[in-house]
Amino acid sequence: SAGVRDLTGPLGVISLGAQVASVNGGEGLLTFAATVSVNLAVLNALPLPALDGGQLAFVALEVLRRGKTLEVRTQENIQLAAILILFGLTVAATSGDLAGVGAALVKARSAFFR
């Protein structure tokens, strides 16, 4: 089952891109970059507050409520909660990436100083 340890942040994506480029060359790297771009577009379109899809969800809610918008303070609180959750996921993913980089450095150091 997938967990927080399976998250990959920016460092992990860069590392994967480098691996793809070294194995498959420029064409593989282009495919990888396109895949990442499409995935980011899909994630951004999800109806999560703080993302573009969240804004669309607020508009859809307004339509369903026949023109009545949520109070600004309520929207702000929802946005703040979503931003904090996204920030937490980013920190978790990046810390996992850094742990992987640290493990790789220790392994490289051990191999170098044999």
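Author: Before we start, a quick definition: a nonpolar patch here is made of residues with over 30% relative accessible area and no salt bridge, with nonpolar side chains such as Leu joined within 5 Å. Also, this is a predicted model.

Reader: OK, so which residues make a nonpolar surface patch?

Author: Leu 40, Leu 43, Leu 46 and Leu 48 do, and the patch comes to about 350 Å².

Reader: Where does Leu 46 lie?

Author: Leu 46 is in the loop between α1 and α2, the latter being residues 52-64.

Reader: And why does Leu 46 count as partly exposed?

Author: Because its relative accessibility is 34%, and partly exposed runs from 20% to 50%.

Reader: Let's zoom out. What's the secondary structure of the chain?

Author: Three helices and zero strands. From the N terminus the order is α-α-α.

Reader: How much of the chain is buried?

Author: Buried residues are 12% of the 114 residues.

Reader: Switching to pockets: what volume does the largest pocket have?

Author: About 690 Å³. The lining has 18 residues, and the closest to the pocket centre are Thr 8, Gly 9, Leu 40, Leu 43 and Thr 90.

Reader: Which elements give two or more residues to that lining?

Author: α1, residues 10-45, and α3. The largest share is from α1, with nine residues.

Reader: How does the lining divide into nonpolar, polar and charged?

Author: There are 12 nonpolar residues, six polar and no charged ones in the lining of the largest pocket.

Reader: What about Leu 89, where's its place?

Author: Leu 89 sits in helix α3, which covers residues 72-112. Leu 89 is partly exposed, at 45% relative accessible area.

Reader: How far is the C-alpha of Leu 89 from that of Thr 8?

Author: They're separated by 9.8 Å, although Leu 89 and Thr 8 are 81 residues apart along the chain.

Reader: New topic. How many salt bridges does the count come to?

Author: One. Glu 76 pairs with Arg 73, and their closest N and O atoms are 3.3 Å apart.

Reader: How many residues apart are Glu 76 and Arg 73 in helix α3?

Author: Three, so about one helical turn separates Glu 76 and Arg 73.

Reader: Is Arg 73 buried or exposed?

Author: Arg 73 counts as exposed because its relative accessibility is 54%, and the cut-off for exposed is over 50%. Its partner Glu 76 is partly exposed, with 41% relative accessible area.

Terms used. Residues numbered from 1 in each chain as written. Predicted model: local features only at pLDDT ≥ 70, side-chain atom pairs only at ≥ 80, totals over all residues. Heavy atoms only, no water. Helix = DSSP H or I, 4+ residues; strand = E, 2+ residues; numbered from the N terminus. Buried < 20%, exposed > 50% of the residue type's maximum accessible area, 1.4 Å probe, protein only. 1 Å grid on protein atoms, 1.4 Å probe; cavity = no way out; pocket = protein on both sides within 12 Å on 5 of 7 lines; lining within 4 Å. Points joined across faces, edges and corners; volume = space filled by probe spheres on them. Nonpolar A, V, L, I, M, F, W, Y, C, P; charged D, E, K, R; others polar. Patch = residues over 30% accessible without salt bridge, like charges linked within 9 Å, V, L, I, M, F, W, Y side chains within 5 Å. Areas by Shrake-Rupley, 256 points an atom, 1.4 Å probe, with all protein chains shown as cover. Salt bridge = Lys/Arg side-chain N within 4 Å of Asp/Glu carboxyl O.
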